[in-house]
Amino acid sequence: MYDVDDTIVALSTPPGPSGIGVVRLSGPAASSIARVIFRPRSGELIADRRMRLGRVVDPNSGETIDEALAVLFNAPQSYTCQDVAEIHCHGGPAVLAGVLELARRHGARQAEPGEFTMRAFINGRLDLAQAEAVAALIEAQTAGGARQAARQLGGALSEEVARMRDALVGRLAQLEAAIDFPEDELPLLDTQAAVDELERVRVRCDELARTFPAGRLLTHGARVAIVGRPNVGKSSLFNALLRRERALVHESPGTTRDVVEDRLLFDGIPATLCDTAGLRSDEQCSDPVERAGIERTRGNLEQADVVLAVFDLTQQIERDDLDLWRSLVDRPALAVLNKVDIANQDAAQQWRSEVDAPLAKATSAKTGLGVDELAHALGELICEAADVGTADAIVISARHADLVREAQSALIAAIEALSQDLAPEFAAFELRRAVRCLGSIIGRADSPDGAEQLEREVIERIFSTFCIGK
Ligand code: GDP
């Protein structure tokens with residue numbers, strides 16, 4: 001893990017020309033370095049929580065680098081719980097590079113990605129879920145995503161997970177006592193009460209895991225995959241929805257080999273539309289490039305938040321069409337019956353009943369017929385998929401979703417072991433696994449218990465996804 005005892009510096013605003021750029025220092029020498037390179041105009045020293053106007057000056061040459069503002073946040077009342085200094089400069093890249101260089105020359109080290117937040121975590125100011133919320137808040141693509149990340153930063157998820165974990169630790173202690181001491185020295189373990197409690201926590205894990213698709217969508221925006229057999233009009237619909245000729249349309253099948261993406265906004269939720277290679281079974285497709293394209297389509301389909309399954313009304317209904325629509329049964333998906341302009345009058349009705357998609361939209365990507373209605377229905381579907389209702393805590397990170405799912409499966413096994421009256425060791429083993437999973441969602445580096453649960457690798461992976469300066 002990184003050293004936390006030295007002083008780090010980084011640009012905390014995005015690089016590139018801007019109105020202001022904030023250079024942040026954290027560590028024992030933060031205020032002394034700031035005092036050496038920043039000269040307040042009034043002659044007063046820069047101070048805790050008071051912004052001073054002045055100049056950044058190279059003390060060796062006396063050269064002024066910028067006119068700026070500076071403020072200190074003395075430990076422990078700062079973001080990192082260390083001494084922090086911020087210098088608010090003009091946002092020119094050359095100016096900022098000069099100020100950073102000056103700070104480094106006077107003893108600061110360039111910060112690694114996420115290192116400020118990692119210090120906040122290591123010093124106990126944030127738990128792991130809260131630290132991850134900082135990254136989610138910075139990256140949030142929607143107002144709803146930012147709201148959820150802010151709730152997580154405020155501790156909504158951490159508090160709930162901590163309560164669940166405490167309940168399990170209590171039961172684990174009882175089980176371990178039953179293992180360690182002879183039966184006659186202990187009150188009998190109330191198995192039914194233990195099963196009921198584990199079941200309550202299991203249900204909550206399940207509910208939390210189910211909020212993840214909405215949480216992911218709110219954080220990253222929606223991924224909408226347009227899928228179907230070759231030549232049904234996927235690229236034409238993609239273009240019609242975007243209202244421009246973005247993807248190549250051709251009458252020969254298999255034109256789209258790779259996934260083509262573009263962005264659209266639905267009710268404030270950014271969506272990435274993905275036009276994919278046409279799906280057909282391996283026997284029908286001998287071209288290796290097309291096969292590779294189909295592989296990509298499958299990956300894209302798996303990751304999509306919402307799917308548009310496109311069918312061609314002028315074609316016979318095939319097994320592949322039925323299989324595709326059936327595979328989407330539990331997912332937010334819309335069936336689109338395309339080429340209505342050249343299809344038989346009753347074709348749409350026939351498709352709706354045979355494919356079992358009564359709400360399928362009939363469109364013509366060529367004339368534009370039905371495309372507005374499709375866009376409207378797609379917008380509604382995206383908003384539905386992003387709806388988290390009144391839930392206090394939701395899961396917005398894949399890491400947390402995996403951990404609550406694993407906790408849930410450990411609890412199922414523990415409940416089974418208890419219900420079947422197996423030796424208490426079995427239930428205790430699974431319960432320990434569930435406790436570990438919940439613990440590593442919120443892990444605190446400053447508690448011995450938390451440090452033990454947190455693998456260094458996991459922590460480093462999390463913080464390395466941050467940008468420098470955060
Ligand atoms: P993809 O392979 O599924 O992406 O299909 P394309 O969008 O490339 O279209 C295949 C062929 O069908 C092209 O010749 C299109 O012009 C034509 N096409 C697509 N949509 C429609 C439609 O709604 N009506 C008609 N008449 N032709 C269409």
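I began with the sheet of this predicted model, and found 7 strands forming an open sheet with mixed pairing, in the order E3-E4-E5-E6-E2-E1-E7. At its edges I noted strand E3 (38-40) and strand E7 (109-110), each of which pairs on one side only.

I then looked up how E2 and E6 are joined: strand E2 (residues 18-26) and strand E6 (residues 84-91) run antiparallel and are linked by 8 bridges. For Leu 25 I traced the bridge partner in E6, which is Ala 85.

Next I checked which helices touch these strands. Helix H1 (residues 30-37) lies across E2, E3, strand E4 (52-57), strand E5 (64-73) and E6, and runs at about 70° to E3. Helix H3 (residues 115-122) also packs on the sheet, where it touches strand E1 (8-11), E2 and E7, with its direction making about 135° with that of E1.

I turned to the nonpolar cores, keeping in mind that nonpolar side chains tend to be buried together in soluble globular proteins. The largest core holds 37 residues, and those with the most contacts inside it are Leu 168, Leu 198, Leu 411, Leu 438 and Ile 441. Two or more residues come from each of helix H6 (156-180), helix H7 (191-210), helix H14 (398-419) and helix H15 (424-442), and H14 gives the largest share, 10 residues.

I followed Leu 198 further, setting aside neighbours within four places in sequence, and listed its contacts as Leu 168, Arg 171, Leu 411, Ala 414, Ile 415, Leu 418 and Leu 431. Last, I recorded a second, separate core of 36 residues, including Ile 226, Val 232, Leu 374 and Ile 394.

Key
Residues numbered from 1 in each chain as written. Predicted model: local features only at pLDDT ≥ 70, side-chain atom pairs only at ≥ 80, totals over all residues. Heavy atoms only, no water. Core = buried A, V, L, I, M, F, W, Y, C linked by side-chain atoms within 4.5 Å. Buried < 20%, exposed > 50% of the residue type's maximum accessible area, 1.4 Å probe, protein only. Helix = DSSP H or I, 4+ residues; strand = E, 2+ residues; numbered from the N terminus. Contact = heavy atoms within 4.5 Å. Pairing = 2+ DSSP bridges. Axes fitted to C-alpha atoms, helices over the stretch in contact; angles between N-to-C directions.
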